[in-house]
Amino acid sequence: MRSFHVSSIGVAAVAALALPLAATTPVAASGSAPPPAAELAGSTQSLPLESLPGTDRAADGASQEGLAQREVRPFSLAGVVWDNADDELQGSAQIRTRSRADGTWSSWQDLETHNHDHAADPDTPEAARPLHGSTAPLWVGDSDAVEARVRPEGEPLPQGLRLDLVDPGADPAEEDAGEGTPETRAPDVLPALDQAATRAEAVEVAGTTAEPRPYTGKRPRIITRKGWGADEHMRESGFIYTKSVKVAFVHHTGTGNAYSCAQAPSVLRGIYRYHVKSNGWRDIGYNFAVDKCGNIYEGRAGGVAKAVMGAHTLGFNTNSMGIALLGTYNDTNPSTAALKAIEQLSAWKLGLYGVNPKGRSTLVSAGGNRYKKGSSVKLNAISGHRDGFATDCPGTRLYGRLGAVRVAAAHYQGRR
């Protein structure tokens, strides 16, 4: 929408993205989910894990739990889940899967077990839901058989271990397609804005009587929830907003890198279903996602320009946003396209709230393993997840690039 500033359609779009700044603390907005209806295609198989006979015992005498080779309904994403969200899996979890395409079995693949740091803040409405603990989910592609093993290390395994297998379902846009093919039809997107349109958007966010923001990054192209096929009947109705966006926390999803960019919407639908159906969250935890080709996706519902509270950085979900790069970046370098998308997205969203990407902001901890509840913590405006919580996320290779991301994001805002 490059002619946004002279278009009535553009004015309406800005109004739709405006922030209700009257909220100074997290508040639940009125419901805005569609009326109840049948969920779109997609499913979760939940298979209880059992003690594996004949396996070596851990040092504390506990035996492995797992699942013998089993044929199952088709799925593409998998993770281990347990009853209590406050419990951590101290040990290792691995799965191997059989491809539907050629019938071959994969090698054993590790699941990222320390996933407790992605969660709703304590004492929030979302934290009061019946939540479950889990590993990070792993994208395995179209599969029809699975084997799993979980081995404890020094601590008993959590109660109620099970393997959740997620079929993300087909893209509704493909099912309801008119003319064209999936390759030629454009997804539902919020188009990139020019500088004038972005400044108008920033004024709307700040309030009609406020001065225009002196530094704003152009809004990049964003694929909407409809564009990646989010089933809006799955999430909880209503939204929770905070006052501002002071910090952008960068994450990786830990789902592995064996996806094509054409599969990224399916990966997102799988993560969304896992977060809601397996973890018990109200919606997908991240505010935005980025794939390795640099496409940006709307995450948690509530308005891309608004200060929507997510469930991405335990203890620091208030006045922040979470940007998740699809994949695992402990040993893999993020692509140039993905880094550019994170830079442009951060420059735009932080700019709406007057934040310098090279600066620092103070957030108050809601409680976590790094900062106790009530602590005032000064953080980089673009921080890694590990800056707010003791975790490996967003992976060493991605975390090491955040200094350059801050400089580039400030440049996109017009700062020197």
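This is a walk through a predicted model, stop by stop, with something to select at each one.

Residues are numbered from 1 along each chain as its sequence is written, and side-chain values use heavy atoms, with hydrogens and water left out. Because the model is predicted, local features need pLDDT of at least 70 and side-chain atom pairs count only at pLDDT 80 or more, while totals for chains, interfaces and linings use all residues.

**Stop 1: Phe75**

Select Phe75, which lies in strand E4 (residues 65-82). Helices (H or I, at least four residues) and strands (E, at least two) are DSSP runs, numbered from the N terminus. Is Phe75 buried or exposed? With 1% relative accessibility, Phe75 counts as buried. Buried means under 20% relative accessible area, exposed means over 50%, and partly exposed is in between (1.4 Å probe, protein chains only).

Now show what Phe75 touches. Contact means heavy atoms within 4.5 Å. Leaving aside neighbours within four places in sequence, the contacts of Phe75 include Gln45, Thr97, Asp144 and Leu165. Pick Thr97 and check the C-alpha atoms: Phe75 and Thr97 are 9.9 Å apart in space and 22 residues apart in sequence.

**Stop 2: Gln45**

Hop over to Gln45 in strand E2 (residues 43-48). Gln45 is buried too, with a relative accessible area of 7%. Which backbone oxygen does the side chain of Gln45 reach? The one of Arg73, at 2.9 Å. Not counting residues up to four places away in sequence, Gln45 also touches others, among them Pro74, Phe75 and Leu163.

**Stop 3: salt bridges**

Time for some charges. A salt bridge is a side-chain nitrogen of Lys or Arg within 4 Å of a carboxyl oxygen of Asp or Glu. How many salt bridges are there by this rule? The count comes to 13.

- Select Asp144 and Arg98: their side chains meet in a salt bridge at 2.9 Å, N to O. Asp144 lies in strand E8 (residues 138-152) and Arg98 in strand E5 (residues 91-99), so the pair ties together parts that are 46 residues apart in sequence. Arg98 is buried, at 19% relative accessible area.
- Next, try Glu236 and Arg129, whose side chains form a salt bridge at 2.1 Å, N to O. Glu236 is in the loop between helix H4 (225-228) and strand E12 (240-241), Arg129 is in the loop between strand E6 (109-110) and strand E7 (133-134), and the two are 107 residues apart. Glu236 counts as partly exposed at 29% relative accessibility, and Arg129 is partly exposed with 25%.
- Then go to Arg225 and Glu232, where the closest N and O atoms of the salt bridge are 2.9 Å apart. Add Arg235 and Asp283 to the selection: salt bridges that share partners join these residues with Arg225 and Glu232 into one network. Arg225 is buried, with a relative accessible area of 2%.

**Stop 4: rings**

A pair of aromatic rings is described by the distance of the centres and the angle of the planes. Rings of Phe, Tyr and Trp (its six-membered ring) pair if their centres lie within 6.5 Å; planes under 30 degrees apart count as stacked, over 60 as edge-to-face and the rest as tilted. By this rule there are five aromatic pairs.

Select Trp228 and Tyr272: the ring centres are 5.7 Å apart and the planes are at 90°, so the pair is edge-to-face. Trp228 lies in helix H4 and Tyr272 in helix H5 (residues 264-279), so the pair ties together parts 44 residues apart in sequence. Both Trp228 and Tyr272 are buried.

Move on to Phe316 and Tyr371, with centres 6.0 Å apart and planes at 85°, so this pair is edge-to-face. Phe316 is buried at 2%, whereas Tyr371 is partly exposed at 25%. Add Phe249 and you have one aromatic cluster of Phe249, Phe316 and Tyr371.

**Last stop: the cores**

A nonpolar core is a set of buried Ala, Val, Leu, Ile, Met, Phe, Trp, Tyr and Cys residues joined through side-chain atoms within 4.5 Å. Which residues have the most contacts inside the largest core? They are Phe288, Val290, Leu326 and Trp348, in a core of 55 residues. Colour helix H6 (residues 336-352), which gives the most to this core, with nine residues. A second, separate core has 21 residues, including Leu47, Val80, Ala93 and your starting point, Phe75.

Definitions and conventions: A polar contact is a pair of N or O atoms within 3.5 Å; within protein, one must be able to donate a hydrogen and the other to accept it, and residues adjacent in sequence count only if both atoms are side-chain atoms.
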